[in-house]
Amino acid sequence: GTDLTRSYCDDDQRDNLTQVELNQVKRKAELYRTRLADLSWFMRSLNEYIAREANKEDECTGRFWEGRFKSQALLDEQALLACMAYVDLNPVRSGIATTPEQSDFTSIRMRIRAALQGQQPQQLKPFDANELGPHTLPCHLNDYLELVEFTGRAIRNDKRAAIPASSDTLLQRLDIDLDSWLELTEGFEYQFCHLAGRLHSLQNCRQTDGMHRIRGSGNARRLLGT
């Protein structure tokens, strides 16, 4: 904070502040609240700190990240599960890990370790195909784990492995064919712009927000259907 905000937080000094100073504190608090709810501001602050530390260590200058981060709204179950698999398989796709259970710092590794104990990790939203709602994920945990395992093998071996029956059933339930699924999980963030989902989900969002055109509608129709 600033000298003024620190004075406001000090019980002994707060009563000595003038009305003008209190108004300045109020405006500063509103600014802080706006920034705390702004993902772009958070990433900007994080990028700057990491870049300074990394550049100091490497004795160089320039941006730390190769490109800007992306913020995409996941509008339906198809987009949610495809994005989850895409993120969970990042280490496999980049060659850092050979299997999902060896992928450090991923949700899939945490879920697999918990599943071996017959549990679901408390830190993550649970899978539950019977009670769909905002607090659960829309399928069985085992179905998702097998689907990610198959997808990882297809990516790692550069060939199509035999898809398990349960994974095939899950893809059918999501109405996504195998080729589209593999394309989604190899480059999900590049298939859409700010909104990701089936075509009708994008259209509903467009009507709600009053937008006239949505980028990515062609890929939505091709990969996820109408």
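**Overall architecture and side-chain interactions**

Read from the start of the sequence to its end, the protein chain follows the pattern α-α-α-α-β-α-α-α-α-α-α-β-α-α. This arrangement comprises 12 helices and two strands. The model is a predicted one. Of the 226 residues of the protein chain, 35% count as buried. The accessible surface of the chain comes to about 14800 Å², and carbon and sulfur atoms contribute 48% of that area. Among contacts with a separation of 6 or more, 52% are accounted for by residues 24 or more positions apart.

Charged side chains were examined next. Side chains of opposite charge can pair when their charged atoms come close. Seven salt bridges are found in the structure. One of these joins the side chains of Arg 14 and Asp 11, with an N to O distance of 3.3 Å. Both residues belong to helix H2 (residues 11-14), where they are three residues apart, about one turn of the helix. Asp 11 has a relative accessible area of 57% and is therefore exposed, since the cut-off for that class is over 50%. Arg 14, at 32% relative accessibility, counts as partly exposed. Arg 14 also takes part in a second kind of arrangement, as it lies over the face of Tyr 8, at 4.9 Å from the ring centre.

A further salt bridge is formed within helix H4, which spans residues 39-58. Here Arg 52 pairs with Glu 48, and the closest N and O atoms are 3.2 Å apart. The two residues are four residues apart in helix H4, about one turn of the helix. Arg 52 is exposed at 55% relative accessibility, whereas Glu 48 is partly exposed, with a relative accessible area of 41%.

The side chains of Arg 198 and Asp 175 meet in another salt bridge, at 3.1 Å from N to O. This pair links distant parts of the chain, 23 residues apart: Asp 175 is in the loop between helix H9 (165-174) and H10, and Arg 198 is in the loop between S2 and H11. The loop that holds Arg 198 is bounded by strand S2 (195-196) and helix H11 (199-209). With a relative accessibility of 14%, Arg 198 falls under the 20% cut-off and so counts as buried. Asp 175, in turn, is partly exposed, with a relative accessible area of 48%. When residues up to four places away in sequence are not counted, Arg 198 touches Asp 76, Gln 78, Asp 175, Ala 220, Leu 224, Gly 225 and Thr 226. The C-alpha atom of Arg 198 is separated by 6.6 Å from that of Arg 221, a residue 23 positions away along the chain.

Aromatic side chains form a separate set of interactions. A pair of aromatic rings is described by the distance of the centres and the angle of the planes. The count comes to three aromatic pairs. In one of them, the rings of Phe 188 and Phe 192 have their centres 5.4 Å apart and their planes at 50°, so the pair is tilted. Phe 188 and Phe 192 are both buried. Ring pairs also bring in Tyr 86, which is linked with Phe 188 and Phe 192 into a cluster.

Gln 191 is located in helix H10 (residues 178-191). With a relative accessible area of 12%, Gln 191 is buried. Apart from residues up to four places away in sequence, the contacts of Gln 191 are with Glu 183, Leu 184, Gly 216, Asn 219, Arg 222 and Leu 223.

Nonpolar side chains also appear at the surface. Leu 39, Phe 42 and Leu 46 make a nonpolar surface patch of about 260 Å². Of these residues, Leu 46 lies in helix H4 and is partly exposed, with a relative accessible area of 30%. Phe 105 is placed in the loop between helix H6 (90-94) and helix H7 (107-115). At 86% relative accessibility, Phe 105 counts as exposed. The backbone of Phe 105 is notable for its phi angle, which is near 60°, a positive value in a residue other than glycine.

Definitions and conventions
Residues are numbered from 1 along each chain as its sequence is written. This is a predicted model: local features need pLDDT of at least 70, side-chain atom pairs count only at pLDDT 80 or more; totals for chains, interfaces and linings use all residues. Side-chain values use heavy atoms; hydrogens and water are left out. Patches are made of residues with over 30% relative accessible area and no salt bridge: like charges are joined within 9 Å, nonpolar side chains (Val, Leu, Ile, Met, Phe, Trp, Tyr) within 5 Å. Accessible areas come from the Shrake-Rupley method with a 1.4 Å probe; for residues, only the protein chains shown count as cover. A salt bridge is a side-chain nitrogen of Lys or Arg within 4 Å of a carboxyl oxygen of Asp or Glu. Buried means under 20% relative accessible area, exposed over 50%, partly exposed in between (1.4 Å probe, protein chains only). Rings of Phe, Tyr and Trp (its six-membered ring) pair if their centres lie within 6.5 Å; planes under 30 degrees apart count as stacked, over 60 as edge-to-face and the rest as tilted. A charge sits over a ring if NZ of Lys or CZ of Arg is within 6 Å of the ring centre and within 35 degrees of the ring normal. Contact means heavy atoms within 4.5 Å.
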